[in-house]
Amino acid sequence: MREFFNGTCLHLVAHFGTLQMAYLLLCKAATPDVINILDRELRTAVMCAVKEEKCDLVNLFAQSRADLAIKGPDGRTVLHIAAQTGNLEITQLLVFSYKASKNISNFLSFINAQDDGGWTAMVWAAELGHTGIVSLLLQQGADPNICDNDNNTVLHWAALHNNDLDTITILLQAGINCNIQNIEGETPLHIACHHSSTRLCIALIANGADLLLRNRSDELPYDCIPNEDSECARTVGFNMQMRAFHPRDFQRTRIVCGDISNGRELRPIQALRNDINFEGSEGVSADESDQIMWPDFRYITDTIILQNSVQIDKRVSQMRICTCMDGCSTDQCQCTGASVQCWYTAEGRLCSDFNYDDPALIFECNDVCGCNKLSCKNRVVQNGVRIPLQVIECEDSFKGWGVRSLIPVPKGSFVAGYVGEILTDLEADRRMDDSYFFDLGHNHCIDANYYGNVSRFFNHSCEPNIIPVRVFYEHQDYRFPKIAFFTCREIEAGEEICFDYGDKFWLVKNRYFSCKCLTPSCRYSHKPLENGELATDSVTASNVGNINDVTTNNSATPTAVVSSTLVNSAATTVTMTTSTPVIHLVDQTQP
């Protein structure tokens, strides 16, 4: 019976009733699902109880299996509403109730859920100064670097609305990135300078805020201070002068691009250059150096097709489809059956018995499956990049650009997919630059030169920390797998992410340059091939290196594949086998 705002009696009780009334209604309810019915305002009964700050009713509804992840008005969940009201007790109740009933992957999705404006519950709490709730969410694993629709982080909003430093101090202690730029190009330091907040500026600068980042109006943070004679202006100006006198050998970085994905990834991916290398470019201005060093490509999150000759079979009749109601966690799932078994844990990582030396094909559930997308544990790669990554200019200049993780990454975690333009081998033969080819087999490859994502910057290592795995979910056409990179061991925060380009790659490339990965077990000496075989002399860390060490004036010389160093060459591509990537050769020019 619908009574209140076209809702149920439970909605009415949540607003004006008592615990006893709610208990009687739940006992007499025809179905358990009555507790999750939405009223005219798109609210459930538990949302109304949270809004009215009735902790006893919220506890009862949670124990009665109310769905706490349902999104109501403006895309907000009960956690958003609790954070907005500032009720710490109710927020704790919601967090721990959901954590006890769901796996860790679903729990993190719950506390990091974004409303229609891209705000998480932590943003609501920080913007309104509810420091206790911010601290609770951070302790439970909430991500402070998630950006809203305008690319603001929680630190932007805290800087905009907080007069005290309590919330901001907690965020800074959690390791939040101080240099993320919103769509206007402004960092939290720009915002603090707009408000002449001296203490906030000091806190941000002390935690690594970049004084030299410019917004879209070409303003430095210092330029945003209204009064040049204010204490804030003197403080920020003094720090700029101190930075100007840093020693030449002091390693500093500057941001080349605030987000190379242009908002296409959940978290911004910054590109950093070393100032020491930047300043060493004689006769080259800052803008010119950026243009020379940073590649010109279009960031995409999925492979694209520009040729009519590439036809992917996406017929539903050719796909396995499941109708699971158990989160696809049993052998009865049709999709995991195609993969032999479900290879994902509840945390969304590869199982302990996954063979990293001979990776299996993985078939994830797809949009046609009848399973619940939020609770399905067989969807990982399709959820996109979740690990905060950063493109960096490598300390060894011969390596060019690389990618590092900003957090520790457990073994078996998905890092990124290799995306680009799908080509036929015939079209690949016509292209002069083969630096970003990845062979799919069946006469097709991926070229990430002009269209790609963060994975185009992954370098080679003889001791890799990621491996490529073939995954299917949009279709099940075996000719066109998704190439997904998973960690094959634990990765430390700040460690560069690399995969093994394979023996057949070096069978060609070792004639012209050597590996410089600097690992103790480097398999490729600095010597050229002898009679078609790799040199077998012992190799030390001082005479090995990375594949990006390309120095040649011969345009016919093969180049590094999947690197940032571009030299025209014979076409070579990294390819997938049942073990490690190897090189697929297309005889274009004679080395």
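What covers the buried residues of helix α1? In this predicted model, the cover includes α2 (19-28), α3 (45-51) and α4 (55-63). Helix α1 itself spans residues 9-16, and its buried positions are Leu 10, His 11, Val 13, Ala 14 and His 15. An α-helix has 3.6 residues a turn, so residues three or four places apart point the same way.

The secondary structure of the protein comprises 19 helices and 17 strands. Of its 591 residues, 55% count as buried. The accessible surface amounts to about 26700 Å², and carbon and sulfur atoms contribute 48% of that area. Among contacts in the protein with a separation of 6 or more, 67% are between residues 24 or more positions apart.

The largest nonpolar core contains 73 residues, and the members that touch the most others are Val 50, Phe 61, Leu 171 and Leu 204. Once neighbours within four places in sequence are set aside, the contacts of Leu 171 are Met 122, Val 134, Leu 138, Pro 144, Val 154, Leu 155, Ala 158 and Ile 176. A second core, separate from the largest one, has 42 residues; among them are Ile 483, Cys 515, Cys 517 and Tyr 524.

Helix α14 covers residues 231-244, 14 residues in total. From its first C-alpha to its last, α14 reaches 20 Å, close to the 20 Å expected at 1.5 Å a residue. Cys 232, Ala 233, Thr 235, Val 236 and Gly 237 are buried in this helix. The packing partners of the buried residues of α14 are α12 (188-194) and α13 (198-206).

Strand β10 (residues 444-447) pairs with β8 and with β9. Its pairing with β8 (residues 421-424) is antiparallel and involves four bridges. In this pairing, Glu 421 stands opposite Asp 447 of β10. Strand β9 (residues 437-441) is likewise joined to β10 in the antiparallel sense over four bridges, with Phe 437 opposite Asp 447. Strands β9 and β10 form a hairpin with two residues between them. In the turn, His 442 has a positive phi of about 55 degrees. In a regular strand the side chains alternate between the two faces of the sheet. In β10, His 444 and Ile 446 point one way, whereas Cys 445 and Asp 447 point the other way. These four residues of β10 are all buried.

The count of salt bridges comes to 16. One of them joins the side chains of Glu 427 and Arg 431, at an N to O distance of 3.3 Å. Both Glu 427 and Arg 431 are buried. In the salt bridge between Asp 477 and Arg 479, the closest N and O atoms are 2.7 Å apart. Asp 477 has a relative accessible area of 9%, which means that it is buried, while Arg 479 is partly exposed at 30% relative accessibility.

A further salt bridge links Asp 503 to Arg 523, with 3.6 Å between the closest N and O atoms. Asp 503 lies in helix α19 (residues 503-509) and Arg 523 in the loop between α19 and β16 (571-575), so this pair ties together parts that are 20 residues apart in sequence. Both ends of the bridge are partly exposed: Asp 503 has a relative accessibility of 43%, and Arg 523 has a relative accessible area of 34%. Elsewhere, salt bridges with shared partners join Glu 421, Glu 427, Arg 430, Arg 431 and Asp 447 into one network. Two members of this network, Glu 421 and Asp 447, are the residues that stand opposite each other in the pairing of β8 and β10.

Leu 361 is located in the loop between α17 (334-338) and β4 (362-363). Its relative accessibility is 24%, so Leu 361 counts as partly exposed. Leu 361 and Trp 343 are separated by 18 residues in sequence and by 9.6 Å in space, C-alpha to C-alpha. With neighbours within four places in sequence left aside, Leu 361 is in contact with Ser 339, Trp 343, Arg 470, Phe 472 and Tyr 478.

Terms used: Residues are numbered from 1 along each chain as its sequence is written. This is a predicted model: local features need pLDDT of at least 70, side-chain atom pairs count only at pLDDT 80 or more; totals for chains, interfaces and linings use all residues. Side-chain values use heavy atoms; hydrogens and water are left out. A salt bridge is a side-chain nitrogen of Lys or Arg within 4 Å of a carboxyl oxygen of Asp or Glu. Buried means under 20% relative accessible area, exposed over 50%, partly exposed in between (1.4 Å probe, protein chains only). A nonpolar core is a set of buried Ala, Val, Leu, Ile, Met, Phe, Trp, Tyr and Cys residues joined through side-chain atoms within 4.5 Å. Contact means heavy atoms within 4.5 Å. Accessible areas come from the Shrake-Rupley method with a 1.4 Å probe; for residues, only the protein chains shown count as cover. The expected span of a helix is 1.5 Å times one less than its number of residues. Two strands pair if DSSP finds at least two bridges between them.
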